Amino acid sequence: MRIAIAKATTVSERRVAMTPDVVARLVKQGMEVWVETGAGDGAFYPDDAYVKAGAEIITEGDRLWRDGQVILKLDPPNDQEIHRLSAGSVFIGFLNPLAEPLRVKQLADRGVTAFAMELIPRSSRAQSADALSSQASIAGYKAVLLAAATLPKYFPMLTTAAGTIAPAKVLVLGAGVAGLQAIATARRLGAIVEAFDIRPETKEQVQSLGAKFVDVNLEEETRAEGGYAKEVSDAAKRKTQEVLTQHVAASDVVITTAQVPGKRAPILVTRPMVEAMKPGSVIVDLAAGQGGNCECSEAGKDVQHQGITILGPVDLPASVPVHASQLFGKNLATLLGYLRSKDGELDLNFEDDIIDAACLTHGGTIRNDRVQAALAQETAGVS
Ligand code: NAD
């Protein structure tokens, strides 16, 4: 199998799809690995390190995309890259398929077999290939560090000769992978932490990290397939906002992480709720790229509103590129393990639930119903 690692092209993307330590393991297993020159530069993995790991550095992008059998790229391929791909080749990376179905169609039309890392199932067996989790955990960690650096206060309680400092109060909304890591990080920095999620099973997880769970009795089903959250009714949204109002007002920091796959993120912190916070307080909205959990947030911007700072970062995993790339590379290596036959050749066994779920295009078709529906909606909107 010939693996080709392409350089990420999104502005501000510093991660690389695979790090030299993972490449060395693949080479040892008998795979040929090509790396686009400079692919690891943003994450401090120079070409030399890949050469030492046994890879070949490719300077002409054209050759890498045309002749690489399995192309690995962290972010989606751009138009030029898609046109370079050969029919029958395999592409693996983040593809944002529900939001950008036209690109998926382009890949299908080229006859490419594309795997979207977003579609890896959330099962125990797939856990070490689960790139959404590895990257969300980094976002949760970094969100708390940003908040701590922005807050004009200490996080921990301190007893000093000049008096006692009260600990910061942190509220985390959404207790999925990012939220749980945010809770753990805020606790390690000494804050008092509360958290809320609409999925009732998160209560125990929140409490096990030493945080208090905010109970909102929603009286409706909040869980969808695969353990994900459902979009709740308007009445449930109002009730949540009512209960959260006091908790938001009492917090120095609010970290929001709530998302519903394929939908706009739910608004949990309204403008009046922001205005009721103490001046100097900080909100970090990790859902800013999906429309935001806070009414005042703007994707990719730092907003000031009546003395409150609202951060809407959209590229936090890219700001920890060394470890984000290391974890992503291991996620990819696990997936490649499922795509390889005993004699090391490419083997697409669609009876394997991981391959079946994550393979988005094959043989000229789009294999995922939700992405097909998103494409139909998008093309209806365009015509
Ligand atoms: P996510 O990023 O899709 O969403 C973040 C959190 O927001 C979720 O916990 C969700 O319940 C919450 N949320 C949605 N709407 C909300 C609202 N209105 N108010 C408050 N909170 C709201 O979540 P994720 O971290 O990707 O996890 C999604 C599911 O996948 C969870 O069930 C998680 O346990 C599961 N999971 C399983 C594995 C595994 O077994 N390999 C790995 C990771 C996650």
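**Reading two sheets and a helix crossing**

Modeller: Seven strands make up an open sheet, ordered 11-10-9-12-13-15-14, with mixed pairing. Keep in mind that this is a predicted model.

Biologist: Which strands stand at the edges of that sheet?

Modeller: Start with the general idea. Strands of a sheet pair through backbone hydrogen bonds, in parallel or antiparallel fashion. Now the case here. Strand 11 (212–213) and strand 14 each have a single partner strand, so one side of each lacks a neighbour in the sheet.

Biologist: Take strand 14, then. How many bridges join strand 14 to strand 15?

Modeller: Four, and the two strands run antiparallel. Strand 15 covers residues 308–311. Check the register residue by residue. His-305 has Ile-308 as its bridge partner in strand 15. For Gln-304, the partner in strand 15 is Thr-309.

Biologist: What do strand 14 and strand 15 form?

Modeller: A hairpin, with two residues between the strands. Look at Gln-306 in the turn: its phi is positive, about 45°.

Biologist: How do I read the side chains along strand 14?

Modeller: In a regular strand, side chains alternate between the two faces of the sheet. Strand 14 (residues 302–305) shows this alternation. Val-303 and His-305 point to one face and are buried. Asp-302 and Gln-304 point to the other face and are not buried.

Biologist: On to the other sheet. What is the order of its eight strands?

Modeller: The order is 3-2-1-4-5-6-16-17. This sheet is open too, and its pairing is mixed. Its edge strands are strand 3 (56–58) and strand 17 (365–366), each pairing on one side only.

Biologist: How is strand 17 joined to strand 16?

Modeller: Two bridges link strand 17 to strand 16 (residues 359–362), and the pair runs antiparallel. Thr-361 stands opposite Ile-366 of strand 17.

Biologist: Now the helices. At what angle do the axes of helix 6 and helix 7 cross?

Modeller: At roughly 40°, and the axes come within 7 Å. Helix 6 spans residues 131–150 and helix 7 residues 177–188. Angles under 35 degrees would count as roughly parallel. The two helices are therefore oblique to each other. The crossing of helix 6 past helix 7 is right-handed.

Biologist: Which residues make the contact?

Modeller: From helix 6, Ser-133, Ala-136, Ser-137, Gly-140, Tyr-141, Val-144 and Leu-145. From helix 7, Val-177, Ala-178, Gln-181, Ala-182, Thr-185 and Ala-186.

Biologist: How many of the contact residues are nonpolar, polar and charged?

Modeller: Eight are nonpolar and five are polar. No charged residue takes part in this contact of helix 6 with helix 7.

Technical notes
Residues numbered from 1 in each chain as written. Predicted model: local features only at pLDDT ≥ 70, side-chain atom pairs only at ≥ 80, totals over all residues. Heavy atoms only, no water. Buried < 20%, exposed > 50% of the residue type's maximum accessible area, 1.4 Å probe, protein only. Pairing = 2+ DSSP bridges. Axes fitted to C-alpha atoms, helices over the stretch in contact; angles between N-to-C directions. Parallel < 35°, antiparallel > 145°, perpendicular 65-115°, else oblique. Left-handed = near helix turned anticlockwise from the far one by under 90°. Contact = heavy atoms within 4.5 Å. Nonpolar A, V, L, I, M, F, W, Y, C, P; charged D, E, K, R; others polar.
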